[in-house]
Amino acid sequence: MRVLPELEELYLNPAAWPLRGDSEDPALEPGQSCGLVSPHRNCSKSSREQAHSGKDEEMNVEAKYRMASLYVGDLHADVTEDLLFRKFSTVGPVLSIRICRDQVTRSSLGYAYVNFLHLADAQKALDTMNFDIIKGKSIRLMWSQRDAYLRRSGIGNVFIKNLDKSIDNKTLYEHFSAFGKILSSKVMSDDQGSKGYAFVHFQNQSAADRAIEEMNGKLLQGCKVFVGRFKSRKDREAELRSKASEFTNVYIKNFGGDMDDERLKDVFSKYGKTLSVKVMTDSSGKSKGFGFVSFDSHEAAKKAVEEMNGRDINGQLIFVARAQKKVERQAELKQMFEQLKKERIRGCQVVKLYVKNLDDTIDDEKLRNEFSSFGSISRVKVMQEEGQSKGFGLICFSSPEDALKAMTEMNGRILGSKPLSIALAQRH
């Protein structure tokens, strides 16, 4: 840690420190911490509420130093407090600097807090040093935002996608700063570079609305970008669930290599008006064995799924279901995996899969053989009545990961003469 010597007394005031775990950077993982002092660590709930109400005059000093605090992101792993101190003290007196580190390894988490003595100096640093290069990396500056609600509410937050790979944080900021004061902005990236999407958080919603109105559909570096209001993961998943109940697009697979668009349309047009029909083909024009049908109504699509799933077409038993976007499939798989983890936490020794639409020839041994490649199975049972299969059964895996893999790869797979339907068995 680096502190201006003549300001040591002020530094000891906990108001100069960001609160523990109240990081602006979403990269802070469980078990990691800035190791920063929290002035409210031992306070009662009522005293904390009083402190945050703004009525306590003693908090004016704390508010002053918080206002002069900057968040510094995208730091190179080798950047030290001393290096940051030398850089930022050229602007004005620096009260304290803290690079946040992993509690165990003490390695840098890639971001820091710089607390200035004067608000004007913090503003000057933000205006003149944002996106400066330190050890080969462009740093990202923004005001240290203590209000967690403001960060998470989505107010003033904009989502941008379909960005050209050449657009970095600086370019993004330059394009969007014309619409209002930006609290934070970031192009999401990994080891391969930009992921093609970003977030910009404006100080107020009106600035965000102007940015959406002006920038949505515009060309940036030759790419037509989407700009819209930020939606939380919870809101996105709720939206996907809502769309799932009113689907019009149908996915069909297992129809072999002889199918084409016209033949597929003939098969499905009896359920309602089709807007588009497409059989997916390889480079030679041969069918890949799956395709899509888009109906003009949900009722037609639903009826097609109900009546065509498991039907025989030219000796092939086809699988028909609601067509899902990649993000929907990922959300659904994630939800399944989370449920599987909860099963394990609740003390369940095995994870059960419910398998239905079994062919009459499938018994316990055949079912086990088909699923044993996915992991350790403790029990397999095909339900029977008077010696005859009832068409469904249970498979007990030893781990959620194995069960999820089996469910993902085997759902819709033809076993015997029927496509399997697999779900997580519910506990009661």
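Six salt bridges are counted in this predicted model, a salt bridge being a side-chain nitrogen of Lys or Arg within 4 Å of a carboxyl oxygen of Asp or Glu. Side chains of opposite charge can pair when their charged atoms come close.

Some ground rules come first. The model is predicted, so local features need pLDDT of at least 70, side-chain atom pairs count only at pLDDT 80 or more, and totals for chains, interfaces and linings use all residues. Residues are numbered from 1 along each chain as its sequence is written, and side-chain values use heavy atoms, with hydrogens and water left out.

Here are three of the pairs.

| Salt bridge | N to O distance |
|---|---|
| Arg101 and Glu81 | 3.6 Å |
| Arg86 and Asp82 | 2.3 Å |
| Asp209 and Arg229 | 3.3 Å |

**Arg101 and Glu81**

What does the salt bridge between Arg101 and Glu81 tie together? Arg101 lies in strand S2 (residues 94-101) and Glu81 in helix H4 (residues 81-88), so the pair joins parts that are 20 residues apart in sequence. Helices (H or I, at least four residues) and strands (E, at least two) are DSSP runs, numbered from the N terminus.

Is Arg101 buried or exposed? Arg101 is buried, with a relative accessible area of 19%. Glu81 is buried as well. Buried means under 20% relative accessible area, exposed means over 50%, and partly exposed lies in between (1.4 Å probe, protein chains only).

Arg101 has another partner. Its side chain reaches the backbone oxygen of Arg106 at 3.4 Å. This is a polar contact: a pair of N or O atoms within 3.5 Å, where, within protein, one must be able to donate a hydrogen and the other to accept it, and residues adjacent in sequence count only if both atoms are side-chain atoms.

**Arg86 and Asp82**

This pair sits within helix H4. Arg86 and Asp82 are four residues apart, so about one helical turn separates them. Arg86 is partly exposed, at 47% relative accessibility. Asp82 is partly exposed too, with a relative accessible area of 31%.

**Asp209 and Arg229**

The side chains of Asp209 and Arg229 meet at 3.3 Å, N to O. This salt bridge links distant parts of the chain. Asp209 is in helix H8 (residues 205-215), and Arg229 is in strand S12 (residues 226-229), 20 residues apart. Asp209 is partly exposed, with a relative accessible area of 31%. Arg229 counts as exposed, at 51%.

**A network**

Which residues form a network of salt bridges? Asp74, Arg140 and Lys186 are linked in this way.
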